[in-house]
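Open the model in your viewer and keep the selection box at hand. The stops below run from one loop residue to the whole chain and back into the strands.

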Amino acid sequence: MRKRFILVCFICFAFSLLLAAAALGEDMRVTNCSEWVSLRARPSSSGKVLVKVPLDEVVTGCAPYDADYTYAEYNGKKGYILSSYLTPANPGGTYRESTEPVSFADMQKKGKLLMDTPCGSLRVVARRLENSACERLTVGVYRADRSCVWARTEFVYEVGELTSTSVFIAGTEQQPALAIYNTETGLSLYDLPNGRRLWQLGRSKVSLGAGISHAVDWDGTMYICGYYGPHPVAITMDGRVLWQSNPSRDDIIHPHDITIDANGIIVMYEIPELDREVMAVYDRQGKLMFAE
């Protein structure tokens, strides 16, 4: 009896966390179906159908549950809809965020693990969950006892074939920081020990694209490029754009990996049409020195 009580409490607690995330959710419109789509009691094709949501109707409080289903509400019913039938109802407002703490146990559950990295006495964990309706990035910083120091969860509802979010350790050894990027609001830098946002560099100042690659130099300078562009952009630790490279070559496209060594900034380009890769080397002023 006691075990059953504990299990029920755990289920209620987990569902309450999902409801809290859903409170941040975006309104979504039912599309890509002929007449209606099922809102189910469970995220499964065998789940009980709570209500049939007609084509072009709007469901509210949407939050991604897994790679296939989205939690949603409709006419007082709360359940799960296949994400492939949903699109943003308000394309102009497709971003939500939360700074609510996330337990270490919850961080281990859903989504692709992007990072689980010790940083001094702290541990940084990040996961990304994607489906056709939304992309959710959750980042948590934890103490040795696994208590949460701070956390952020970001929802991007305008998604495409490339990832819309990214996170990486930035700053310097003396001043560790955490960089969080999404295609809606741009690049932000946070003080890693306390979560204070140091600055935000929006799309109006520099466009970094989607599916980004990144590298961080010893002095905290960040080099970032997007798969469909731009070529490498250099951004200082205090949020200034040093340069944006332009190699003036049409034969190097789709940068997908960037590293730093003694020779300069090394970028690997993917050329799908030719089924090969090209390596390019830039100096620290953004000038293309070599490509083959």
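Is Lys-109 buried or partly exposed? Select it: this is a predicted model, and in it Lys-109 has a relative accessible area of 45%, so it is partly exposed. The residue lies in the loop between helix 2 (104–107) and strand 9. Now add Val-241 to the selection. The C-alpha atoms of Lys-109 and Val-241 are 37 Å apart, with their positions 132 residues apart along the chain.

**Whole chain**

Zoom out. The protein chain has two helices and 24 strands. Its radius of gyration is 21 Å, close to the 19 Å of the globule rule for 292 residues, so the chain is as compact as a globular protein of that length. The C-alpha trace spans about 65 × 50 × 30 Å along its principal axes.

Switch on the surface. The accessible surface of the chain is about 14800 Å², and carbon and sulfur atoms hold 51% of that. Of the 292 residues, 47% are buried. Now turn to contacts with a separation of 6 or more: 47% of them link residues 24 or more positions apart.

**The five-stranded sheet**

Next, select strands 8 to 12. They form an open sheet in the order 8-12-11-10-9, with antiparallel pairing. Which strands stand at the edges? Strand 8 (95–98) and strand 9 (112–119) do; each has a single partner strand, so one side of each is left without a neighbour in the sheet. Look at the twist as well. Neighbouring strands here are turned by 10 degrees against each other on average, direction ignored.

Stay at the strand 8 edge. Strand 8 runs antiparallel to strand 12 (residues 148–156), and four bridges join the two. Pick Glu-97 and look across: Glu-154 of strand 12 stands opposite. Strands of a sheet pair through backbone hydrogen bonds, so display the backbone at this stop.

**Strands 17, 18 and 19**

Move to strand 18 (residues 222–225). Which of its residues are buried? Met-222 and Ile-224 are buried on one side, Tyr-223 and Cys-225 on the other, and both faces of the strand are thus covered. In a regular strand the side chains alternate between the two faces of the sheet.

Add strand 17 (residues 213–216). Strands 17 and 18 run antiparallel, joined by four bridges. Val-216 stands opposite Met-222. Five residues separate the two strands of this hairpin, and Gly-220 there takes a positive phi near 90 degrees.

Then add strand 19 (residues 233–235). Three bridges pair strand 19 with strand 18 in the antiparallel sense. One of the pairs to pick is Ile-224 with its bridge partner Val-233.

Follow the backbone through the loop between strand 18 and strand 19, where Pro-230 is found. Check the peptide bond before this proline. Gly-229 and Pro-230 are joined by a cis peptide bond, with omega at about 5 degrees.

**Two positive phi values**

Most residues other than glycine have a negative phi, and most peptide bonds are trans. Two loop residues are worth a click here.

Select Asp-56. It sits in the loop between strand 3 (49–54) and strand 4 (58–64). Its phi is positive, near 80 degrees, in a residue other than glycine. At 47% relative accessibility, Asp-56 is partly exposed.

Jump to Ser-248, in the loop between strand 20 (241–244) and strand 21 (255–261). Phi of Ser-248 is positive too, near 55 degrees. Is Ser-248 buried or exposed? It is exposed, with a relative accessible area of 61%.

**Cysteines**

Last stop: show the cysteine sulfurs. How many disulfides are there? The count is zero. Pick Cys-62: its nearest cysteine sulfur belongs to Cys-134, 8.9 Å away, and Cys-62 is in no disulfide. Cys-134 is in no disulfide either, and the nearest cysteine sulfur to it is that of Cys-62. A pair of cysteine sulfur atoms has to be within 2.5 Å to count, so this pair does not qualify at 8.9 Å.

Check the burial of both. Cys-62 has 0% relative accessibility and counts as buried. Cys-134, at 1% relative accessibility, is buried as well.

Terms used:
Residues numbered from 1 in each chain as written. Predicted model: local features only at pLDDT ≥ 70, side-chain atom pairs only at ≥ 80, totals over all residues. Heavy atoms only, no water. Pairing = 2+ DSSP bridges. Axes fitted to C-alpha atoms, helices over the stretch in contact; angles between N-to-C directions. Rg over C-alpha atoms; globule rule 2.2 N^0.38 Å. Buried < 20%, exposed > 50% of the residue type's maximum accessible area, 1.4 Å probe, protein only. Contact = heavy atoms within 4.5 Å. Areas by Shrake-Rupley, 256 points an atom, 1.4 Å probe, with all protein chains shown as cover.
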